[in-house]
2 protein chains.
Amino acid sequence: MKDHKSDLCINHILPIRDALDLISGKWKIPIISALCIHKRRFKELHRDVPGITAKMLSKELKDLEVNGLVKRTVYDTTPVSVEYAVTEYGLSLNPVIYALRDWGLKHRERMLHPEEKPVVA
Amino acid sequence: MKDHKSDLCINHILPIRDALDLISGKWKIPIISALCIHKRRFKELHRDVPGITAKMLSKELKDLEVNGLVKRTVYDTTPVSVEYAVTEYGLSLNPVIYALRDWGLKHRERMLHPEEKPVVA
DNA sequence: GTAACCGGTATACTTTGGTATAGTGGTTAC
DNA sequence: GTAACCACTATACCAAAGTATACCGGTTAC
């Protein structure tokens with residue numbers, strides 16, 4: 001008989017895979033993280049997400065908008081300006097974002113002081 | 001003067017980027033997730049992580065071992081068998097994994113019942 | 001001898017994510 | 001007229017992730 005743990009495991013992994021499908025790639029999480037702090041225009045986002053190109057920013061914002069994680073508002077200004085904000089649904093990624101940030105901070109600590117080997121659970 | 005929120009934002013993103021550097025890609029999180037449930041041999045992992053090829057599993061396990069997230073133990077059996085287990089450090093990714101799984105479950109719910117639009121914060 | 005086991009590896013290929021650079025249109029400022 | 005603004009887009013290219021398929025060595029079972 002198949003190992004129960006096997007089923008449990010697969011049912012554990014599938015939702016994780018689903019989540020990763022929406023936020024995979026180098027830039028989606030950083031973009032959402034930036035917008036969770038506050039809404040921004042394109043240029044501001046481009047400045048505040050270190051290293052990203054305009055092409056990637058534009059592309060990823062489109063994806064995130066399609067997936068309902070980000071809201072795009074066009075203003076009738078000159079020049080035209082567009083504001084991006086995280087949606088309510090996008091905000092629901094906060095636990096993921098905080099968990100990543102917390103782990104990243106501790107990982108950084110671990111890199112700086114390898115002898116201490118902080119363990120987080 | 002530069003927007004304070006800009007600095008705050010960049011300092012928020014950098015540790016997230018660090019974390020993503022270690023666990024990016026399609027398979028690392030699913031592999032660690034599987035091992036968090038219990039340790040396994042290669043074939044068992046290959047069975048329990050749906051869709052992965054032996055080549056990718058082998059490659060990603062190497063990466064994870066190098067990064068101290070997974071421990072590899074070779075047993076002097078015939079045929080040779082190797083056991084993979086998550087390390088203490090790897091276990092520290094649990095908050096990330098649970099956050100992803102929880103979000104993935106809710107996302108799935110949202111896909112199945114779009115009219116209800118569950119919001120998680 | 002053949003097949004099976006385990007834990008991979010080799011090779012070629014595909015797909016995807018990402019980068020670099022130049023350019024766009026409409027408007028305003030100088 | 002040129003430059004600047006904004007928010008992109010076009011194009012070519014690169015690198016990495018990932019896949020498909022065949023194969024490997026050492027051992028055991030039949």
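Helix axes here are lines fitted to C-alpha atoms over the stretch in contact, and the model in these views is a predicted one.

**View 1. Helix α6 of chain A crosses helix α1 of chain B.**
Here α6(A), residues 94-112, packs against α1(B), residues 4-23, at an angle of about 85°, and the two axes lie 7 Å apart. Angles of 65 to 115 degrees count as roughly perpendicular, and α6(A) and α1(B) are therefore roughly perpendicular to each other. On the α6(A) side, the residues making the contact include A:Tyr98, A:Trp103 and A:His107, and those of α1(B) include B:His12, B:Pro15 and B:Ile23. Sorted by class, this contact has 12 nonpolar, 3 polar and 3 charged residues.

**View 2. A salt bridge joins A:Arg108 and B:Asp18.**
Look for the side chains of A:Arg108 and B:Asp18, which meet with an N to O distance of 2.7 Å. Both residues also belong to the contact of α6(A) with α1(B). Across the interface of chain B and chain A there are 2 salt bridges, and 8 residue pairs are in polar contact.

**View 3. The side of chain B that touches chain A.**
At least two residues of this side come from each of α1, α2 (28-37), α3 (42-48), α5 (88-91) and α6 (94-112) of chain B. Helix α1(B) gives the largest share, 16 residues. By class, the side divides into 34 nonpolar, 7 polar and 12 charged residues.

**View 4. The whole interface of chain B and chain A.**
Stepping back, each chain brings 53 residues to the contact. About 5,100 Å² is buried between the chains, with 71% given by carbon and sulfur atoms. Worth finding in chain B are B:His12, B:Tyr89 and B:Trp103, which lose the most area to chain A, together 14% of what that side buries.

Definitions and conventions: Residues numbered from 1 in each chain as written. Chains lettered and ligands numbered in written order. Predicted model: local features only at pLDDT ≥ 70, side-chain atom pairs only at ≥ 80, totals over all residues. Heavy atoms only, no water. Axes fitted to C-alpha atoms, helices over the stretch in contact; angles between N-to-C directions. Helix = DSSP H or I, 4+ residues; strand = E, 2+ residues; numbered from the N terminus. Parallel < 35°, antiparallel > 145°, perpendicular 65-115°, else oblique. Contact = heavy atoms within 4.5 Å. Nonpolar A, V, L, I, M, F, W, Y, C, P; charged D, E, K, R; others polar. Buried area = accessible area lost by both parts, 1.4 Å probe. Salt bridge = Lys/Arg side-chain N within 4 Å of Asp/Glu carboxyl O. Polar contact = N/O pair within 3.5 Å; in protein donor to acceptor, adjacent residues only side chain to side chain.
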